[in-house]
Amino acid sequence: MQRTDVQMLTIRFLLAMAPSAAGIAFQKLITEHMQQTKYLVVGKGHIGLATAAYLSNQGHTVYLFSRRSSIVAQTRTIDSIGSVSPGSYLVAACSNNIYELAALNGGKLPLNVLICCRGQDIEPYAKILAEYVNPQMNVLVFCASRFAGRVFCQVLQRLGIAKEQLPAVADVNNIPFVSRGNMEDQIRISTLTNKFFVAAQNRTMTNRIVTAYQAVFSNLCAAASVLEINLNKVNDIIHLPLLLVSLARWESGEDYNLYHNLGSRIVGLIDHLDRDRIAVGEALGVLNLIDIKSHYQITYGTTGSSLYEHIQQVGAYSDTTLCNPHHRYLVEDLPYGCFPLQVLARLAGVETPFLDSCITIADKFLDIPLEWNAEFLELDRHQLSQEL
């Protein structure tokens with residue numbers, strides 16, 4: 001019998017024996033306990049499916065929300081075929097109607113919400129969830145984009161939610177597992193990452209997030225600040241140089257693996273871009289900045305003296321193929337990753353020649369608006385110093 005089952009039996013026994021006033025208090029405790037073991041997963045990409053399956057595998061009640069219709073809505077089943085959490089797992093409900101999910105939970109959403117999405121989806125999801133957020137919620141944002149959690153909070157405040165009424169909203173520097181979507185209702189979770197780090201609006205909220213989620217994600221660790229988390233995101237640092245050296249193949253829609261036959265000089269481009277990131281962090285006084293080689297070592301347990309050696313040991317890269325001209329490696333990592341990093345560089349007064357070159361080339365090729373500027377993010381040098 002699981003510990004939670006024992007707790008519930010104990011509570012129910014005490015409730016039966018307690019006087020009416022105490023019984024009401026115990027009933028409230030039961031309700032809060034049941035609500036805490038429910039999770040809302042927002043987003044039905046491969047990370048959302050992996051998160052839902054992973055939580056369901058641990059016996060938790062999972063609601064899955066996607067803005068698009070889904071086969072899972074009919075079957076309520078997610079098939080996990082990887083080496084981690086293999087099997088078929090039920091979700092309590094899957095819907096593209098947030099009101100429908102809330103109705104199934106007494107008109108409220110679960111207190112624990114995991115948003116699994118791209119940077120461009122953060123604002124729409126914040127608007128959808130705004131009606132139901134409350135200060136007791138613990139929102140974990142699995143998003144490669146920098147400042148996704150900050151944008152989520154900004155949207156809520158612009159919709160009239162006071163700062164003191166915001167939930168705890170935490171960014172992560174990485175996701176807790178390596179996953180790949182095979183079909184609309186099937187996920188492959190190949191391995192768990194060794195560690196991923198999390199930080200919310202302040203230390204108190206960070207501790208609350210860790211308390212809420214560490215039981216289900218044992219590889220979760222607290223970071224010192226949101227700024228540290230966002231500087232330690234490196235997906236864009238890895239992806240953008242790889243795409244820039246293969247734009248002709250990418251534009252033609254060719255189905256190819258951009259890590260195949262990866263040479264040391266191409267890896268050197270990643271290293272150059274990472275040096276610009278490190279320079280920005282040092283100028284802002286971030287003490288726990290992780291360089292790209294250390295990222296691989298901490299996350300995947302790789303070893304070696306060179307970045308090239310570390311990249312070669314990440315098995316997940318062997319299945320990473322591109323055949324979509326709107327792939328997230330460019331349409332997310334440029335406007336919501338590299339560009340906000342450049343914004344930080346400007347605020348810090350740091351020259352980032354390689355970062356600037358990458359953004360200039362990719363922006364001309366992609367021709368999409370770069371909207372997450374300092375004004376939009378409400379960032380200035382004084383505010384950054386307060387967030388360290």
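I began with a rule I need for the sheet: two strands pair if DSSP finds at least two bridges between them. The model I am reading is predicted.

**Entry 1: the sheet**

I looked up the strand order first. The sheet is open and has 4 strands, in the order β4-β3-β10-β9, and its pairing is mixed. I then asked which strands form the edges. They are β4, residues 87-90, and β9, residues 177-183, and each of them pairs on one side only. I also noted the twist: ignoring direction, neighbouring strands of this sheet are turned against each other by 30 degrees on average.

As background, I wrote down that strands of a sheet pair through backbone hydrogen bonds, either parallel or antiparallel.

Next I checked one pair in detail. Strand β3 covers residues 77-80 and strand β10 covers residues 186-192. The two run parallel, and 2 bridges join them. For a residue to look at in this pair, I picked S80, which stands opposite I187 in β10.

**Entry 2: the helix across the sheet**

I asked what lies across β3, β4, β9 and β10. It is helix α3, residues 46-57, and this helix runs at about 110 degrees to β9.

**Entry 3: salt bridges**

I looked up how many salt bridges the structure holds, and the count is 8. Side chains of opposite charge can pair when their charged atoms come close. I went through three of the bridges.

The side chains of E254 and R249 meet at 2.8 Å, N to O. I checked whether E254 is buried or exposed, using the cut-offs of under 20% for buried and over 50% for exposed. E254 has 32% relative accessibility, so I entered E254 as partly exposed. R249 has 37%, so R249 is also entered as partly exposed.

R275 and D271 form another salt bridge, at 2.9 Å, N to O. I found both residues in helix α12, residues 264-283, where they sit 4 residues apart, about one turn of the helix. D271 has a relative accessible area of 25%, so D271 counts as partly exposed.

The side chains of R346 and D356 meet at 3.3 Å, N to O. Where do R346 and D356 lie? R346 is in helix α16, residues 334-348, and D356 is in helix α17, residues 353-366, so this pair ties together parts that are 10 residues apart in sequence. With a relative accessible area of 49%, R346 is partly exposed, because exposed means over 50%.

Note on methods:
Residues are numbered from 1 along each chain as its sequence is written. This is a predicted model: local features need pLDDT of at least 70, side-chain atom pairs count only at pLDDT 80 or more; totals for chains, interfaces and linings use all residues. Side-chain values use heavy atoms; hydrogens and water are left out. Axes are lines fitted to C-alpha atoms, for helices over the stretch in contact, and angles run from 0 to 180 degrees between N-to-C directions. Contact means heavy atoms within 4.5 Å. A salt bridge is a side-chain nitrogen of Lys or Arg within 4 Å of a carboxyl oxygen of Asp or Glu. Buried means under 20% relative accessible area, exposed over 50%, partly exposed in between (1.4 Å probe, protein chains only).
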